[in-house]
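Q: I want to learn to read this model feature by feature. Where do we start?
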Amino acid sequence: MSKLELHNVVKRFGDNTVCDGINLNVDQGQMVCLIGASGAGKSTLLRCINLLEPIEDGEIFLDGEDISLPGLNPQSVRSKIGMVFQSFNLFPHMTAFENAILAPKRIKNLSKIQLTSEVEMLFERFDLAERMHNYPDQLSGGQQQRVAIVRALAMKPEVMLFDEITSALDPQLVGEVLDVLLQLKDQGMTMVLATHEMQFARQAADKICFLKDGKVVEEGSPKQIFIHPKRVETKAFLSRALK
Amino acid sequence: MKNHKAAGLTRREQYEQKQRRRSILVAALSTIFVVVAIVIFVPMTPGWEKVQKSFFNGVVLSKTFPKLLNAFTVNVMIFAWSAPAIAVLGLMIALARDAKSPALFPLRIFGAAFTDIFRGVPVILTVYLIGFGIPGLGLPRPWNSPFIWGSLALILTYSAYVAEIFRAGIDSVHPSQRSAALSLGLSERQVMRDVILPQAIRNVVPSQMNMLIALQKDVSLLSFIGPVEIFRQAGVYKSLFANFTPYVGAAIIFLIVTIPATRYADYLMARQMRERR
Amino acid sequence: MSKKMIVSAVALALLATNAFADGHCASGKTLEKGKFTIATGNPAYFPWVLDDAPESGQGFEAAVAYAVAEEMGFSKQDVVWVRSSFDEAIQPGVKNFDVNMQQYSITAERDQVVDFSVPYYTAPMAVLVGSGATDTSATIEALKSLKWGAVGSTTAVQKIASTVVPNNAPLLYGDNADVNAAITANQIDAAMFDLPTALFLSAVMIEGSKVIGQFPSSESDDADQFGMLMEEGNPLKVCVDKALNAISENGILASIEAQWLQDTTGVPLIK
């Protein structure tokens with residue numbers, strides 16, 4: 001079984017069906033990019049995976065376990081699945097370091113010294129050691145987003161979800177964040193990204209899924225999707241997106 | 001970019017300086033005019049001498065001020081133990097009203113009823129009903145003291161208002177903060193305690209300052225059920241001397257305390273407005 | 001007697017009656033021409049006024065009011081009653097009454113801002129205690145240890161402070177009703193009222209309470225004397241005083257006192 005499997009996931013908001021029977025497999029260490037227009041259901045799907053939104057129908061399996069059982073305590077699942085958001089969502093009243101160490105401190109039973117050194121190493125690994133004790137409003141957009149990634153990594157997740165994490169950044173800051181993603185991929189992290197960065201997806205992803213109106217219209221390798229798209233909708237989307 | 005010509009001013013700076021001087025002159029003249037008008041014309045009104053004797057009587061003021069100041073310490077005392085209790089209870093009620101799990105539903109109802117009742121009834125009624133009513137059930141001394149029950153009336157009333165302000169503060173924290181915190185695997189309780197509340201409280205400090213200032217004055221309501229705080233003491237003097245100057249004295253003492261507090265609250269609000277932009 | 005003389009005599013008599021009906025002293029000095037406006041408390045208590053209905057003339061102050069009115073030449077129908085709070089009247093300024101009768105003690109300070117008639121009653125001050133302190137002895141020593149309360153705007157405050165000098169600072173209230181509530185809630189042990197009011201309260205208003213003693217009225221300056229309160233400089237004062245002195249001399253005042261305030265015996269003097 002794959003690391004992460006979605007079977008026929010349905011999510012509705014009132015009358016609006018945002019995810020309409022989505023099937024998705026993500027293998028260990030794979031990077032899967034979700035592409036599609038805004039409102040296609042990408043963000044919602046990610047939020048369903050880490051149980052921020054309960055699903056109406058279908059199942060989600062992590063390492064073969066059904067994590068979408070109604071009534072399941074989502075906390076332990078969420079420790080294994082990290083998420084990074086478009087608007088960074090750093091806690092403004094804490095320094096970068098405090099942002100990162102908050103959840104491990106509360107949840108893991110490690111000593112403070114051990115936690116501190118682990119988190120410090122993370123900051124160093126992503127070239128943020130100098131910024132560790134700054135507050136979010138003292139950091140650039142790119143730095144904030146990288147801190148957000150470090151914060152998610154501090155919980156040592158097995159899967160990382162990224163919800164259009166470069167969409168809110170100035171163009172010149174996008175690169176440093178994408179570099180982090182590549183770094184993570186090299187380290188073998190299982191990643192699912194919702195993204196508009198077509199170039200990046202084409203170069204880095206293992207699998208591309210094109211979503212439209214809550215359904216996976218087409219999926220395949222970057223070569224298959226970008227160079228030989230089969231579906232009309234895919235072609236239409238790509239021609240607009242790649243202009 | 002300024003263009004300083006040696007030691008001279010640019011023409012715009014010159015113009016602005018001239019405008020500034022002009023407006024200061026106008027402001028000063030009009031203020032002087034108003035003050036002089038008041039100082040000259042008010043004493044000319046027929047009733048002025050009587051009003052001055054009744055309200056601004058220097059002799060009475062000097063006689064009564066020391067004891068008024070002394071009585072004000074009662075106000076300060078009541079304020080000092082009520083304010084923290086209000087902060088704590090207000091926060092608890094706010095959290096009760098926002099309780100999400102179905103098991104805590106009775107708490108939500110209780111919270112809603114609490115805020116409805118205590119915001120709906122005039123404070124003076126609550127002071128009377130609780131200050132006299134509960135001791136009237138037969139409590140032994142010192143448990144029936146009007147200080148205890150009167151303060152409780154204030155605490156219950158103000159907690160209701162403070163709770164609503166906290167709720168607004170909690171609501172003002174963007175939901176994405178909650179999403180991010182939950183995503184890290186924190187429990188709802190941890191999210192509230194470590195992420196939402198610190199931000200919420202920071203956001204509402206200026207509004208809560210206004211509540212504090214209102215409380216400083218409402219402490220006087222306890223005078224109706226016995227404690228001799230400044231308002232009551234001023235009243236005793238009013239009856240003794242048949243003169244209202246003690247009330248003016250009390251007002252002065254209040255202003256000495258509340259003006260710095262209101263200024264500080266305004267400063268906090270202004271700073272918050274600036275940060276938001 | 002000629003017809004002319006009879007007619008003139010009748011005319012003169014009529015004129016005289018008319019003049020007298022206007023109140024020869026009080027004419028032109030009252031708020032409303034031909035009417036005598038008296039203010040009382042809201043509500044007005046026993047034994048000063050019965051059933052809060054001063055128009056009935058029942059109650060000590062109501063009776064004295066009508067007696068004075070009649071002496072000044074006003075008929076019963078010419079007396080108009082209004083209500084005022086205790087505090088309202090002591091304020092300086094124009095009044096909406098000719099006189100105010102609400103057990104006002106005459107004090108020098110008040111006299112600077114309002115005018116008082118000559119006294120119509122000398123009230124001994126009495127101590128009323130709640131059900132928890134009824135066995136307190138009538139001595140200053142015993143009174144010191146009680147928790148005291150009083151209406152803040154009355155002379156009782158000063159009397160308690162100077163005569164009793166209690167160990168704990170008294171609690172002060174806005175009116176008699178609140179003092180009663182405090183006694184009932186056992187927040188205070190004792191309060192001081194004029195004797196008739198104290199007796200009424202203990203008999204009717206506060207269960208289990210008792211008037212344990214009165215202060216001897218021979219304490220010269222401290223003796224509370226009630227006067228009718230008037231606007232400062234009111235020319236009516238002369239007429240009211242004249243009337244009060246008249247009913248005092250001819251025994252009407254004493255008989256009114258005997259009728260309405262007869263229960264004042266039997267209360268021990270405080271030593």
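Q: Leaving aside neighbours within four places in sequence, which residues is I225(B) in contact with?
A: First, a caution: this is a predicted model. Now the contacts. Beyond its neighbours within four places in sequence, I225(B) is in contact with V127(B), Y128(B), G131(B), F132(B), P146(B) and G150(B), and with D178(C). That last partner belongs to chain C.

Q: Is I225(B) buried or exposed?
A: Count the C-beta atoms around the residue; 20 or more within 10 Å means buried. I225(B) has 28 others within 10 Å, so I225(B) is buried. Its place is in strand β1 of chain B.

Q: How many residues apart along the chain are I225(B) and Y128(B)?
A: Compare the sequence gap with the gap in space. I225(B) and Y128(B) are 97 residues apart along the chain, and their C-alpha atoms are separated by 6.9 Å. Now take S151(B) and E16(B): 135 residues apart in sequence, 55 Å apart in space, C-alpha to C-alpha.

Q: Which sheet does β1(B) belong to?
A: Read a sheet as an ordered list of strands. Here 6 strands form an open sheet, in the order β1(B)-β8(C)-β7(C)-β9(C)-β6(C)-β10(C). The list holds strands of chain B and chain C, and the pairing is mixed. At the edges sit β1 of chain B and β10 (210-214) of chain C, each pairing on one side only.

Q: What packs on that sheet?
A: Look for a helix that touches several of the strands. Helix α8 (residues 195-205) of chain C packs on the sheet and touches β6, β9 and β10 of chain C. Its direction makes about 125° with that of β9(C).

Q: How do β6 and β9 of chain C run, parallel or antiparallel?
A: Antiparallel: 5 bridges join β6 (residues 125-129) to β9 (residues 190-194) in chain C. One bridge pairs L128(C) with A191(C) in β9(C). A general point helps with side chains: in a regular strand they alternate between the two faces of the sheet.

Q: Why is strand β1 of chain C largely enclosed by the rest of the structure?
A: Count its buried residues. In β1(C), residues 36-40, 4 of the 5 residues are buried, so the strand is largely enclosed by the rest of the structure. The chain crosses from β1(C) through helix α2 (residues 60-71) of chain C to β2(C), and this β-α-β crossover is right-handed.

Q: Which strands do the bridges join to β1(C)?
A: Strand β2 (residues 79-83) of chain C is joined to β1(C) by 5 bridges, and the two run parallel. There, A39(C) stands opposite V82(C). Strand β3 (residues 99-100) of chain C is joined to β1(C) by 2 bridges, again running parallel. Here I38(C) stands opposite V99(C).

Q: At roughly what angle do helices α3 and α6 of chain B cross?
A: Read the axis distance and the angle together. The axes of α3(B), residues 58-97, and α6(B), residues 146-172, come within 6 Å and cross at roughly 45°. That makes α3(B) oblique to α6(B). The crossing is right-handed. Residues making the contact include I78(B), W81(B) and S82(B) of α3(B), and S151(B), L154(B) and I155(B) of α6(B).

Q: What does S151(B) touch, not counting residues up to four places away in sequence?
A: S151(B) touches I78(B), W81(B) and S82(B). This serine lies in helix α6 of chain B. S151(B) has 24 other C-beta atoms within 10 Å, so S151(B) is buried.

Q: Which chains share the most contacts?
A: Check each pair of chains in turn. Of the 2 pairs in contact, chains B and C share the most contacts. In that pair, 21 residues of chain B are in contact with 24 residues of chain C. On the chain B side, α2 (48-55), β1 (225-226) and α9 (230-241) each supply at least two residues. Helix α9(B) gives the most, with 6 residues.

Q: How many residues do chains A and B each give to their contact?
A: Chain A gives 17 residues and chain B gives 16. On the chain A side, α2 (74-80) and α3 (96-107) give two or more residues. The largest share, 4 residues, comes from α3(A). Chains A and C have no contact; their closest C-alpha atoms lie 48 Å apart.

Note on methods. Residues are numbered from 1 along each chain as its sequence is written. Chains are lettered from A and ligands numbered from 1 in the order in which they are written. This is a predicted model: local features need pLDDT of at least 70, side-chain atom pairs count only at pLDDT 80 or more; totals for chains, interfaces and linings use all residues. A residue is buried if 20 or more other C-beta atoms lie within 10 Å of its own, exposed if 12 or fewer, and partly exposed in between; C-beta atoms are placed from the backbone. Two strands pair if DSSP finds at least two bridges between them. A crossover is right-handed if, with the strands pointing away from the viewer, the path from the first strand over the helix to the second runs clockwise. Axes are lines fitted to C-alpha atoms, for helices over the stretch in contact, and angles run from 0 to 180 degrees between N-to-C directions. Angles under 35 degrees count as roughly parallel, over 145 as roughly antiparallel, 65 to 115 as roughly perpendicular and the rest as oblique. A crossing is left-handed if the near helix is turned anticlockwise from the far one by less than a right angle, and right-handed if clockwise. Two residues are in contact if their C-beta atoms, placed from the backbone, lie within 7 Å.
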